[in-house]
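Biologist: I'd like to learn how to read the gaps and helix contacts in a model. Please start with what sits around a gap.

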Amino acid sequence: PPPPPPPPPPAAASPYPDYNTSPRAADATGMADSATQTAQKMRLGLNIGNTLEAMGGKSETYWGNPRITREFVQFAKASGFNAIRLPVSWNQYADATTARIESAWLARVQEVVQYCIDADLFVVLNIHWDGGWLEEHVTPEQQVAVNHKQKAFWQQIATTLRDFDGRLLFAGANEPNVKTAEQMAVLMSYHQTFIDAVRATGGRNAYRTLVVQGPSTDVELTSQLMTGWPTDTAVGRLMAEVHYYTPWNFTGMTKDETWGNQFYYWGAGNHSTTDTAHNPTWGEEATLDTMTALMKARFIDKGIPVIVGEYAAQDRSAALTGDSLTLHQKSRAAYSKAVTQRSRAMGLVPFYWDTGTLLDRSSNKVLQPQILTALVDGAS
């Protein structure tokens, strides 16, 4: 017979200290709800975008938004949202050699989470793009190094925020750049490291609902590539996350291209008779139904909740006037309502992406009442 295969090489030692320095016995107090029960209670979410995740300068105001205040969080609740997604950057606040996150930054994030819990809001807290150390390195070559950092960061985040009840959820990444089955396998290791690191801190983290991201948070890629699922010591405490910016021509494109134009309009009854070059040619209600059904079949029907962690369509009011502008604004409202409504109908939890254009964070005023009404109506 052939000789037995050699044993696997030992796992490379982490270059970072072990930050799970005070593990606790599991504590189920305030943690009764499963991921499914939590998802059913999360009706409509708001991203406080371009703030705690701002990169390049070590300040949550670096990208032009004010500091998050208790009053703003209460205003978001009063506006109709019952969940907040907090995108956060961590790497620039961490020592490059030891991966130790500055205590002042951990305390600030904890303070903002407390604002949300005090307002009886659910909170999804993540490691966002964060300079791309995970997002842009979902490769076999980077797998070991990224897993070490993922573990070190989540040990610290989870320990700091361990005492919050089940209204706080952790999300292990944001939009991991994954296009192949090989990359998907690497991403699953990042998810597993995240889950294991959080659970090992104990206390309420032994039961906390955790959110793992599909490849590129793309619905179709997730349906195709995310065939496995992480293991977990807690039963029924994981969610999946995708984002929805379909069609990009309507939601994100900023100029007409040789391969296609921007869409200024969207939805049944909202096509222009005068500006036909900017009418949608794909990606309307039927596509939305197909996409949400994919996620229902892949996850919801198997007892795994799904959050739509981001969706929005950019405002092109500056480029339009008259009837075209009116129709564009009607289209944005129709899109916002449809994604919210159809996600909810399929059991997905929608989180609208806002960087301060929907709700003004300095004056706590509604800047786009038509969109807010569409979101709230869609979630009702």
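Modeller: Take the lining of the second largest pocket: by class, it has six nonpolar, six polar and three charged residues. Here Ala, Val, Leu, Ile, Met, Phe, Trp, Tyr, Cys and Pro count as nonpolar, Asp, Glu, Lys and Arg as charged, and the others, Gly among them, as polar. Bear in mind that this is a predicted model, where local features need pLDDT of at least 70, side-chain atom pairs count only at pLDDT 80 or more, and totals for chains, interfaces and linings use all residues. Residues are numbered from 1 along each chain as its sequence is written, and side-chain values use heavy atoms, with hydrogens and water left out.

Biologist: Which residues lie nearest the centre of that second largest pocket?

Modeller: The general idea first: rolling a probe the size of a water molecule over the atoms shows where empty space is left. On a 1 Å grid over the protein atoms alone, a pocket is an open set of points with protein on both sides within 12 Å along at least five of seven lines, a cavity is a set where a 1.4 Å probe fits but cannot get out, and lining residues have an atom within 4 Å of a point. In this case 15 residues line the second largest pocket, and T251, A312, A313, Q314 and W353 lie nearest its centre. Two elements give two or more residues to that lining, α7 (248-251) and β8 (348-354), with β8 giving the most, three residues. Such names come from DSSP runs numbered from the N terminus: helices are H or I with at least four residues, strands E with at least two.

Biologist: What volume does the largest pocket have?

Modeller: A volume is the space filled by probe spheres set on the grid points, which are joined across faces, edges and corners. For the largest pocket that gives about 520 Å³, while the second largest has about 240 Å³. The largest pocket has 24 lining residues, with E175, S216, T217, H243 and Y245 nearest its centre. α6 (219-225) and β6 (238-244) each give two or more residues to this lining, and α6 gives the most, three. By class, you'll find 10 nonpolar, eight polar and six charged.

Biologist: How many cavities of 30 Å³ or more are there?

Modeller: The count comes to one by the rule above. Its volume is about 60 Å³. Around this cavity sit V219, V242, H243, Y244, M291, T292, M295, V308, S343 and L348. β6 and α8 give two or more residues to the lining, which divides into seven nonpolar, three polar and no charged.

Biologist: Now the helices. At roughly what angle do α4 and α5 cross?

Modeller: Axes are lines fitted to C-alpha atoms, for helices over the stretch in contact, and angles run from 0 to 180 degrees between N-to-C directions. The axes of α4 (residues 143-160) and α5 (residues 181-200) come within 8 Å and cross at roughly 25 degrees. That makes α4 roughly parallel to α5 (angles under 35 degrees count as such, over 145 as roughly antiparallel, 65 to 115 as roughly perpendicular and the rest as oblique). Contact means heavy atoms within 4.5 Å; among the residues that meet are W154 in α4 and F194 in α5. Their contact divides into eight nonpolar, six polar and one charged.
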